[in-house]
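Trainee: Could you walk me through one part of this protein in detail? I'd like to see how the inside is put together.

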Amino acid sequence: KTLDVYSVGTEVSLTEEISAKIITVAIHIDDVVQYECAWWSGESRTREWFAASDFIKVGEKDTPVKIGFLRA
């Protein structure tokens, strides 16, 4: 089985005004993928977790990478 995931460092748009970078990828039970994204808001750095469906845009050069797992 394979999953499509965006790589750490991928730029994403969370809103029209907020662009962020993926800093962590987490894979949970039932193949749920979450992305921790970070962005600057003034002088403060913000970090939050998102699903791929939360992104309104993903960097044009950044396509999902397929990863696979062997289950014994």
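Which residues have the most contacts inside the largest nonpolar core?

Mentor: Keep in mind that this is a predicted model. The largest nonpolar core has 13 residues, and the ones with the most contacts inside it are Val12, Leu14, Ile22, Tyr35, Cys37 and Phe55. Strand 1, strand 3 and strand 4 (32–41) each put in at least two residues, and strand 4 gives the most, with 4.

Take Cys37 for a closer look. Leaving aside residues up to four places away in sequence, Cys37 touches Val12, Ala20, Lys21, Ile22, Ile23, Thr46, Arg47, Glu48, Phe50 and Phe55.

Now for the sheet. Here 5 strands make an open sheet, paired antiparallel in the order 5-4-3-2-6. Strand 5 (44–50) and strand 6 (57–58) sit at the edges with a single partner strand each, so one side of each has no neighbour in the sheet. Further in, strand 2 (residues 11–13) and strand 3 (residues 19–28) run antiparallel and are joined by 3 bridges; Glu11, for instance, has Lys21 in strand 3 as its bridge partner.

Strand 1 (residues 2–5) is worth a look too. In a regular strand, side chains alternate between the two faces of the sheet. In strand 1, Leu3 and Val5 make up the covered face, while Thr2 and Asp4 make up the uncovered one. Strand 1 is joined by 4 bridges to strand 7 (residues 65–68), and the two run antiparallel. Val5 has Val65 in strand 7 as its bridge partner.

Terms used: Residues are numbered from 1 along each chain as its sequence is written. This is a predicted model: local features need pLDDT of at least 70, side-chain atom pairs count only at pLDDT 80 or more; totals for chains, interfaces and linings use all residues. Side-chain values use heavy atoms; hydrogens and water are left out. Two strands pair if DSSP finds at least two bridges between them. Buried means under 20% relative accessible area, exposed over 50%, partly exposed in between (1.4 Å probe, protein chains only). A nonpolar core is a set of buried Ala, Val, Leu, Ile, Met, Phe, Trp, Tyr and Cys residues joined through side-chain atoms within 4.5 Å. Contact means heavy atoms within 4.5 Å.
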